[in-house]
Amino acid sequence: ILGISDPQTLARVLTDGVQSYLNDPRLVISYEPSTVEELRQAPAPTNLSQEELLAGLQKSIRHEVLEGNVGYLRVDDLPSQEVLSRLGTLLMTNVWKQLMGTSALVLDLRQCPSGHVSGIPYISPTCTPGIQVLHVDTIYNRPFNTTTEIWTLPQVLGERYSTEKDVVVLTSSRTGGVAEDIAYILKQMPQGIVVGERTEGGALDLQKLRIGQSNFFLTVPVSRSLGPLGGGSQTWEGSGVLPCVGTPAEHALEKALAILTLRRALPGVTHRLQEALREYYALVDCVPTLLHRLASMDYSTVVSEEDLVAKLNSALQAVSEDPRLLVRAVGPRETSLGPEAEAHEPPEAEPEVPKDEAARQALVDAVFQVSVLPGNVGYLRFDRFADDSVLGAL
């Protein structure tokens, strides 16, 4: 190391050594001659006017209502408690009121690499029950040697987003820090679905510390999540948040909308399935139990047709003990439940009975296989029942 004269090369060598020794990719040593001056010039949020705060917020937060009455909220940088409290009324009027009436919400964190820990209670409670406050995380701060519990706010401006509505969180490999914590918290909620890529695996609070009076800096995590929502030793730090549905980040929104379309259709699917069982299932004694099972099932984990089919088959066959009771996904032309749905393949045509005696004998030999086995045991094999008119003629 002492023989390295180029500071950038030295920084890379030191970073490789620290990361490999401690197995922590979040530790970075960098050489940045201009950083000290930039830090001096950066204005503190407390010195910004409300107009300046609002302008910055408009760059980091965008929203719209998509087709199917799906709310879309993109957050590229989670503001601090101070900013959110100062602009709370404006946010409620211009953003949240427009999203409250939607049937589902997509929270896009794909381009959110950072944020403020103090802003977590302002995002997570909007999608949690409002009856009581909820402990969502415990955070340890190393410089102050303090542990802080993060709870949802007992009251929020306006209304909370209904817990009966789905909330899909979009993530990418760039989703980091506080955004990861929010994604993890919402993933633990009954209606939360994370779609996209595994997140960065960063830290709640990364600080860049100057090493002595040099132009070298150490980037180090100074805060640590001790387990969101009582997760204990489980954490996203270092490993990232694993999505419920993995897909490239650029396709995450499309995938999320497809999942929401499926979940909107769930009540109709289960209703039609109940009708089919009530009208057609021959084991009548099992029908009331099957209907109750369908009505009481938890569909919160269903994110694909395959999930739905597997869940329905497992439940119905467990109740009825009937492996013939089978649900399958059908094509777009096969939309009805009932006997007509079985006609997706035309029945095999009955063979014509030839008039020639030799041809008739050949047909008999094709339909039936007859032999006498050792011990004078007769053997008759036929693989399908012929129509009575065919059998009568033969």
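**Figure 1. N376, an exposed residue in the loop between β13 and β14.** In this predicted model, N376 has a relative accessible area of 69%, so it counts as exposed. The loop that holds N376 runs between β13 (368–373) and β14 (377–382). Have a look at the backbone here too: phi of N376 is near 60 degrees, a positive value in a residue other than glycine.

**Figure 2. N69, a second asparagine with positive phi.** N69 is not a glycine, yet its phi is positive, at about 60 degrees. You will find N69 in the loop between β2 (61–66) and β3. With a relative accessible area of 35%, N69 is partly exposed.

**Figure 3. L78, a buried residue in a loop.** The loop in question lies between β3 (70–75) and α4 (81–86). L78 counts as buried because its relative accessible area is 4%, under the 20% cut-off. Which residues does L78 touch, not counting those up to four places away in sequence? They are C112, S114, G115, H116, G119, I120, I123, V178 and I182. One of these, G115, is 37 residues from L78 along the chain, and their C-alpha atoms are separated by 4.2 Å.

**Figure 4. Helix α7 and its surroundings.** Helix α7 (residues 178–188) is mostly covered, with 9 of its 11 residues buried. The buried set takes in nonpolar residues such as V178, I182 and L186, and E180 and D181 are buried as well. Around them, the packing partners are the strands β4 (104–108), β5 (135–141), β7 (166–171), β8 (192–196) and β11 (223–225), together with helix α6 (120–123).

**Figure 5. The largest nonpolar core, with 39 residues.** Inside this core, the residues with the most contacts are L73, W96, L107, L109, I120 and I182. Helix α7 is the biggest contributor, giving 7 residues. To follow the packing from one residue, start at L107: leaving aside neighbours within four places in sequence, its contacts are L73, V75, I123, V168, V169, L170, I182 and L186. Another core, of 18 residues, lies apart from the largest one and includes Y281, L291, M297 and A315. In soluble globular proteins, nonpolar side chains tend to be buried together.

**Figure 6. Helices α8 and α10 packed side by side in a right-handed crossing.** Two packed helices are described by the angle between their axes and the distance between the axes. Here the axes of α8 (residues 252–280) and α10 (residues 305–320) come within 12 Å and cross at roughly 30 degrees. From α8, the residues L262, L266, V269, L273 and L277 meet E305, L308, L312 and L316 of α10. By class, this contact has 8 nonpolar, no polar and 1 charged residues.

**Figure 7. E197, a partly exposed residue in the loop between β8 and β9.** Strand β9 covers residues 206–210. E197 has a relative accessible area of 24%, so it is partly exposed. Beyond residues up to four places away in sequence, E197 touches T171, S172, S173, V241, P243, T247, P248 and A249. From E197 to L170 the C-alpha distance is 8.2 Å, with their positions 27 residues apart in sequence.

**Figure 8. The whole chain, for orientation.** To place the close-ups, the chain has 12 helices and 14 strands. Of its 394 residues, 38% count as buried. The chain exposes about 23000 Å², of which carbon and sulfur atoms supply 54%. Among contacts between residues at least 6 apart in sequence, 68% join residues at least 24 apart.

Notes
Residues are numbered from 1 along each chain as its sequence is written. This is a predicted model: local features need pLDDT of at least 70, side-chain atom pairs count only at pLDDT 80 or more; totals for chains, interfaces and linings use all residues. Side-chain values use heavy atoms; hydrogens and water are left out. Axes are lines fitted to C-alpha atoms, for helices over the stretch in contact, and angles run from 0 to 180 degrees between N-to-C directions. Helices (H or I, at least four residues) and strands (E, at least two) are DSSP runs, numbered from the N terminus. A crossing is left-handed if the near helix is turned anticlockwise from the far one by less than a right angle, and right-handed if clockwise. Contact means heavy atoms within 4.5 Å. Buried means under 20% relative accessible area, exposed over 50%, partly exposed in between (1.4 Å probe, protein chains only). Accessible areas come from the Shrake-Rupley method with a 1.4 Å probe; for residues, only the protein chains shown count as cover. A nonpolar core is a set of buried Ala, Val, Leu, Ile, Met, Phe, Trp, Tyr and Cys residues joined through side-chain atoms within 4.5 Å.
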